[in-house]
Amino acid sequence: MTLCDEETPGRNVVEGGAVSKRVVLVVSAITAFLSPFMISAVNIALPAIQEEFSAGAILLSWVAAANLLATAIFLVPAGKVGDMYGRKRVLALGLGLFTLATIGAGAAPSMALFLALRALQGVGGAFMLTSGMAILSSVFPPGERGKALGINVAAVYTGASAGPFLGGWLVHQLGWRGIFLSNAAVGVFALLLVFRFIRAEWVETQNRRIDVRGGFIYGCALVCLMLGTSRLPSWNGTLLTLTGAVFLVLFVRRMRAAEDPLFDVRLFEANRVFAFSNLAALVNYAATFSVAFLLSLYLQYIKGMSSGEAGLILVVQPVLQAICSPLSGRLSDRVEPRVLASSGMGLTVLGLGLLIFLDRNTSLTYVSASLALLGVGFGLFSSPNMNAIMGSVESRHYGIASGSVATMRLLGQMLSMTVTAMTFAMLLGHGDIDPSRYDAFLRSVRICFSASAFFCFVGIWFSLSRGTLHHGRLG
């Protein structure tokens with residue numbers, strides 16, 4: 001028997017009773033917080049992990065890569081599974097996998113097992129992220145959805161900005177394993193909320209068939225693209241990237257021909273708001289993700305700051321993003337999202353443009369002001385853009401849509417770091433950044449910020465051209 005929850009009109013909700021919007025918002029915010037917090041906190045713990053396991057630089061790089069790859073591969077399938085089998089079930093499954101893998105990683109006796117559990121964390125993270133966002137969009141009607149999504153986005157930025165500080169404190173007090181055990185406790189708390197207070201279920205299709213072959217092709221495409229672009233411009237990086245592109249074409253062709261596709265690529269053809277909003281997200285992440293990496297190096301090498309001092313400067317951006325995201329999300333319920341998102345991208349272009357002129361004598365006030373512009377700009381962009389994506393599709397596509405935007409984020413981040421790595425390879429080579437190379441380093445940084453500003457400027461066109469979501473309903 002199915003029924004429609006009075007708080008979720010028009011949704012296919014399996015029998016189970018009413019849903020508290022507040023609890024759904026809290027659970028969704030927790031799931032949005034956990035993954036970015038874990039990523040940024042573990043980065044602080046890398047030296048301690050390296051010392052305990054005697055791991056080399058390549059193995060150490062897989063601490064982050066294993067998690068990101070697994071997350072990227074399972075994001076789109078997770079959305080489809082949630083639409084088919086129930087979003088609450090998939091949310092609980094994701095939280096359970098993430099929490100168990102986190103406990104296991106915190107107790108892992110070897111580097112090999114630790115990396116395997118990091119990958120399992122990524123799988124759990126993909127399931128909980130897509131289902132959490134889909135449930136949030138199901139529970140909150142269009143007039144309230146922007147505010148809820150804004151809080152969700154703010155939780156992401158809060159996790160990213162809190163990670164270095166709380167992670168450093170946990171490593172100091174409890175060792176690197178303390179990060180994992182603390183995160184696991186939060187995961188257990190979220191699971192208890194799900195089982196105790198979320199009694200309804202959302203199932204959008206009765207079709208129980210999963211396109212495993214399509215999922216395999218999609219996974220191969222992402223693995224080849226992520227590994228290949230990270231190794232450009234080497235010949236093996238080029239070969240892997242081209243192979244990934246071939247797999248991606250095969251995946252798109254298969255999805256277009258499928259009666260019930262793993263991912264409905266026709267959304268990009270028939271839904272202009274959905275397609276252009278996703279492209280705007282891809283471009284914006286590609287333009288901004290490397291900012292913290294580049295400025296961290298700049299502040300420590302050129303300005304001679306410690307990692308802690310540099311962190312205090314860099315935190316300006318995510319803090320302002322966390323403050324602005326709920327406000328812009330709430331505003332996007334009344335004002336056309338493309339207007340707000342495009343304004344945010346304009347501020348981001350301005351902030352990136354200011355960073356093009358960095359040199360040895362640039363003041364910290366100048367750097368902080370640039371970061372403030374980026375923080376406000378991205379805060380203005382992200383929540384309205386997310387509202388546009390989720391509001392442009394039918395409820396049966398919420399899982400796919402949330403997986404799609406998360407995939408755009410990961411692909412944009414990958415593209416951002418690829419441009420940075422290629423620029424460094426061409427101007428700096430593979431040597432250390434020492435005083436004799438500081439001028440070349442500064443040229444590399446300016447080129448990267450120039451490319452980012454250009455990407456973001458092009459993204460404004462996608463944002464403005466996406467079409468209308470509210471259809472004249474303003475105020």
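Which residues of α13 are buried? I should like to open with that question, and I note at once that the model before us is a predicted one.

Helix α13 runs over residues 316-331. Its buried residues are Q317, P318, Q321, A322, C324, S325, S328 and G329. As general background, an α-helix has 3.6 residues a turn, so residues three or four places apart point the same way. The helix has 16 residues and spans 23 Å from its first C-alpha to its last, close to the 22 Å expected at 1.5 Å a residue. There is nevertheless a bend of about 30° in α13, located at C324, and C324 is one of the buried residues just named. A proline, P326, follows the bend within four residues.

Let me turn to another bent helix, α1. This helix covers residues 21-53, 33 residues in total. From first C-alpha to last, α1 reaches 44 Å, which is close to the 48 Å expected at 1.5 Å a residue. The bend in α1 is about 55° and sits at A45. Here, too, a proline follows within four residues, namely P47. After the helix comes S54, a residue with a positive phi, near 55°.

I move next to the cysteines. How many disulfides does the structure hold? The number is 0. For readers of the transcript, a disulfide is a covalent bond between the sulfur atoms of two cysteines. Consider C224: its closest cysteine sulfur belongs to C220 and lies 6.3 Å away, so the separation is too far for a bond. C224 is buried, at a relative accessible area of 12%. For C448, the closest cysteine sulfur is that of C456, and at 15 Å this is likewise too far for a bond. C448 is buried as well, with a relative accessible area of 2%.

The next topic is the second largest pocket. It contains about 350 Å³ of space. Sixteen residues line it, and L248, V252, F263, F268 and M408 are the closest of them to its centre. Which helices each supply at least two residues of this lining? They are α7 (212-230), α8 (235-257), α9 (266-270) and α16 (398-427). By character, the lining of the second largest pocket divides into 12 nonpolar, 2 polar and 2 charged residues.

Finally, I should like to place three individual residues. T407 lies in helix α16, one of the helices that contribute to the pocket lining. Is T407 buried or exposed? T407 is buried, because its relative accessible area is 6%, and the cut-off for buried is under 20%. Between the C-alpha atoms of T407 and Y301 there are 33 Å, with 106 residues separating the two along the chain.

P384 belongs to helix α15, residues 364-391. With 0% relative accessibility, P384 counts as buried. Its C-alpha atom is 36 Å from that of F441, a residue 57 places away along the chain.

A185 is found in helix α6, residues 177-197. At 48% relative accessibility, A185 counts as partly exposed, because the exposed class requires over 50%. The C-alpha atoms of A185 and I103 are 9.0 Å apart, although these positions lie 82 residues apart in chain numbering.

To summarise, α1 bends by about 55° at A45, α13 bends by about 30° at C324, the structure holds 0 disulfides, and the second largest pocket has 12 nonpolar residues in its lining.

How values were computed: Residues numbered from 1 in each chain as written. Predicted model: local features only at pLDDT ≥ 70, side-chain atom pairs only at ≥ 80, totals over all residues. Heavy atoms only, no water. Expected span 1.5 Å × (residues − 1). Bend = angle between axes of the 7 residues up to and from the residue. Buried < 20%, exposed > 50% of the residue type's maximum accessible area, 1.4 Å probe, protein only. Disulfide = S-S within 2.5 Å. 1 Å grid on protein atoms, 1.4 Å probe; cavity = no way out; pocket = protein on both sides within 12 Å on 5 of 7 lines; lining within 4 Å. Points joined across faces, edges and corners; volume = space filled by probe spheres on them. Nonpolar A, V, L, I, M, F, W, Y, C, P; charged D, E, K, R; others polar.
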